[in-house]
Amino acid sequence: MSTPELIRIVDTARSVAREVIMPRFLTAKRNQKDDGSLFTVVDLAAQEALIERLPRIIDRPVLGEEMPESVQLRMWHEATDGIWCIDPIDGTTNFVNGIPFFGVAIAYIEEGRVRYGVVYNPMTDEAFYAEQGCGAFLNGAALPLRDPAHHLMDAVAGVDFKRIPKALGDALATQSPFYSQRNFGSSALEWCFIAAARLDVYLHGGQMMWDFAAGSLIAAEAGARCSMLDGEPLTMAPGQKTPVVVGANAALYQEWMDWLASHGGR
Ligand code: IPD
Ligand code: CA
Ligand code: CA
C-alpha cells in the first residue's frame with residue numbers, strides 16, 4: 001500500500017510536528033514578512049528540521065516557504081533530478097492565534113510532477129498521504145472516506161475569498177450555488193478535506209506552490225479534479241500565485257467550473 005519512502009515522509013512530518021511545532025503552540029509570537037504575511041520562529045525551526053531530515057529519505061534539496069525568494073528560484077531552476085517542496089506550518093495565522101487547525105505539508109517533485117505528497121495535522125494526528133499512481137490515504141484508510149455530494153447545490157464548498165475577482169466574490173456571496181461554505185485557514189489541509197470528501201468543491205484565489213503541491217496529489221489520487229480559474233492545469237514555480245478550482249470528482253468539478261465561468265470567474 002505504501003512504499004518505505006512514503007512511510008518515512010509521514011514519520012518525518014509527525015516527528016517534526018511533535019518535537020518542534022507543538023511544544024510552542026500558544027506561545028509563539030507573530031512576525032511580519034515584507035509581503036505582510038505572518039511567520040514565527042517555529043516556522044523557521046520546523047523548516048530547518050525538515051531540511052535536515054528529508055534528504056535522509058531522498059537525497060535532494062529542500063525548497064521551503066521561509067527561504068528568500070532568490071534562493072527558492074535558484075534551487076527550483078537547478079533541480080533537474082527532483083526536489084522537496086515544503087510548507088513547514090501551513091496555517092500560521094491559525095497557529096499564532098491559537099486556532100487548532102494547521103498542518104505540515106511536504107511534497108517530493110520530479111520532472112515538474114509531484115511524486116509523493118504528505119500533509120500532517122498534529123492536532124488530530126491525521127496524516128494524509130499519497131504516492132503518484134497508488135491512491136491516497138488518511139492514517140491507512142483509503143480516500144475518499146464518503147461519497148461526495150451528487151450536485152453542486154448539495155455541496156459543502158471551501159472558499160477562501162481573498163484574491164478572488166470582485167465580480168465572482170460578489171456572486172458567490174449573494175447567489176451562492178452550493179449548500180454551505182467554509183474557510184479553515186490552511187490550504188494544504190483544505191486540499192486533503194477535498195480528498196476525504198469532507199469538502200465537495202474548493203476555490204482559492206491564489207496559492208503558492210507549497211500550499212498546493214502535496215495536497216493536490218493527495219486530492220487527485222482520491223479522484224478529485226482541479227485546474228486554475230481559466231481551466232488551465234496548475235503550474236508550479238516559486239514566486240507565483242496560482243488560483244485553484246477543485247471538485248471532489250469530475251462531475252462536481254465541471255459543475256463548479258461552469259458556474260464560476262458564468263459568474264465572473266474568467
Ligand atoms: C496560508 C494558508 C491560508 C491561505 C493563504 C496561505 P501560510 O499559508 O494556507 O489558508 O489562504 O493563502 O498563504 O502562510 O499559513 O503557510
Ligand atoms: Ca501555506
Ligand atoms: Ca507556511
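Start by selecting helix 2, residues 41-53, in this predicted model. Helix 2 lies across strand 3, strand 4 (83-90) and strand 5 (103-110). Look along strand 4 and you will find helix 2 running at about 150 degrees to that strand.

Next, add helix 7, residues 209-221, to your selection. This helix also packs on the sheet, where it touches strand 3, strand 4, strand 5, strand 6 (113-121), strand 7 (126-131) and strand 8. The directions of helix 7 and strand 6 make an angle of about 100 degrees.

Now hide the helices and look at the sheet itself. In what order do the seven strands sit? The order is 3-4-5-6-7-8-9, in an open sheet with mixed pairing. At the edges are strand 3 (62-64) and strand 9 (141-142), each of which pairs on one side only.

Zoom in on strand 9 and on strand 8, residues 136-138. These two strands run antiparallel and are joined by two bridges. To see one bridge pair, pick Phe 137 and its partner in strand 9, Ala 142.

For the last stop, select the calcium ion that is ligand 3. Which residues coordinate this ion? Glu 65 does so through OE, Asp 87 through OD and Ile 89 through O, at 2.2 to 2.3 Å. Along the sequence, the spacing of these donor residues is E-x21-D-x1-I.

Keep Asp 87 selected and bring in the calcium ion that is ligand 2: the two ions are 3.8 Å apart, and Asp 87 coordinates both. Colour by accessibility to finish: Asp 87 is buried at 1% relative accessible area, and Ile 89 is buried too, at 2%.

Technical notes:
Residues numbered from 1 in each chain as written. Chains lettered and ligands numbered in written order. Predicted model: local features only at pLDDT ≥ 70, side-chain atom pairs only at ≥ 80, totals over all residues. Heavy atoms only, no water. Donors = N, O, S within 2.8 Å, 3.2 Å for Na, K, Ca; no water. Buried < 20%, exposed > 50% of the residue type's maximum accessible area, 1.4 Å probe, protein only. Pairing = 2+ DSSP bridges. Helix = DSSP H or I, 4+ residues; strand = E, 2+ residues; numbered from the N terminus. Contact = heavy atoms within 4.5 Å. Axes fitted to C-alpha atoms, helices over the stretch in contact; angles between N-to-C directions.
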